Amino acid sequence: MIFHMPACSGCGNCSMACSFHNEGEFVPAKAAIRSVERDDGQGYLISFSQESDEERLACNGCKECVKLCVPGEDLENIIMEYMEKRNNTGQPG
Ligand code: SF4
Ligand code: SF4
């Protein structure tokens with residue numbers, strides 16, 4: 001699921017925090033969250049994985065990533081929106 005986050009700098013802290021909290025290691029590629037560069041416009045796109053597989057975790061809404069995000073309030077709001085949409089669509093993960 002993808003969201004636009006105008007205040008995101010693309011620092012990658014969220015991916016580090018997510019992988020460390022959920023996997024015990026700093027492997028951002030495994031994280032449930034990714035910041036993705038936009039072709040135009042301000043900020044980044046935030047991508048959440050909804051299903052875990054061998055490569056990537058699924059976002060469980062723990063909000064550990066928020067703790068290392070400077071515009072953390074914005075990220076927290078996005079996570080809440082993600083969780084609500086995920087629950088409404090009945091998607092796993
Ligand atoms: S809220 Fe989701 S993306 Fe953030 S640390 Fe938890 S599992 Fe990872
Ligand atoms: S969401 Fe926050 S922690 Fe993640 S890349 Fe953007 S500014 Fe950095």
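The predictor's confidence in each residue is expressed as pLDDT, on a scale from 0 to 100. The structure described here is a predicted model, in which the chain averages a pLDDT of 94 and 96% of the residues score at least 70. Among the elements of the chain, the mean confidence is lowest in α2, at 95, and highest in β3, at 98.

Helix α1 spans residues 13-23, and C14, S15, A17, C18 and S19 are buried within this helix. The buried residues of α1 pack against two elements, namely strand β2 (33-37) and helix α2 (72-89). The residue that follows α1 is G24, which adopts a positive phi near 80°.

Strands β2 and β3 run antiparallel and are joined by five bridges, with E37 standing opposite Y44 of β3. Six residues lie between the two strands of this hairpin, in which G41 likewise has a positive phi, in this case near 85°.

The largest nonpolar core comprises 19 residues, and those with the most contacts inside this core are C14, C18, A32, I33, I46, C65 and L75. At least two residues of this core are supplied by each of α1, β3 and α2, and the largest share, four residues, comes from α2. For L75, when neighbours within four places in sequence are left aside, the contacts are with M5, C14, C65, V66 and C69.

Two ligand environments were then examined. Ligand 1 is surrounded by 14 residues, of which C18, I33, C59, C62 and C65 are the closest. The element that gives the most to the shell around ligand 1 is α1, with four residues, and by class this shell consists of eight nonpolar, four polar and two charged residues. C18, I33 and C65, named among the closest residues to ligand 1, also belong to the group with the most contacts inside the largest nonpolar core.

Around ligand 2 there are 16 residues, and those that come nearest are C8, C11, N13, C14 and C69. Both α1 and β3 (44-48) supply at least two residues each to the shell around ligand 2, whose composition is 11 nonpolar and five polar residues, with no charged ones. C14, one of the residues nearest to ligand 2, is buried in α1 and is also named among the core residues with the most contacts; C14 and C69 are, in addition, both in contact with L75.

Note on methods. Residues numbered from 1 in each chain as written. Chains lettered and ligands numbered in written order. Predicted model: local features only at pLDDT ≥ 70, side-chain atom pairs only at ≥ 80, totals over all residues. Buried ≥ 20, exposed ≤ 12 C-beta atoms within 10 Å, placed from the backbone. Contact = placed C-beta atoms within 7 Å. Near = placed C-beta within 6 Å. Nonpolar A, V, L, I, M, F, W, Y, C, P; charged D, E, K, R; others polar. Pairing = 2+ DSSP bridges. Core = buried A, V, L, I, M, F, W, Y, C linked by C-beta atoms within 7 Å.
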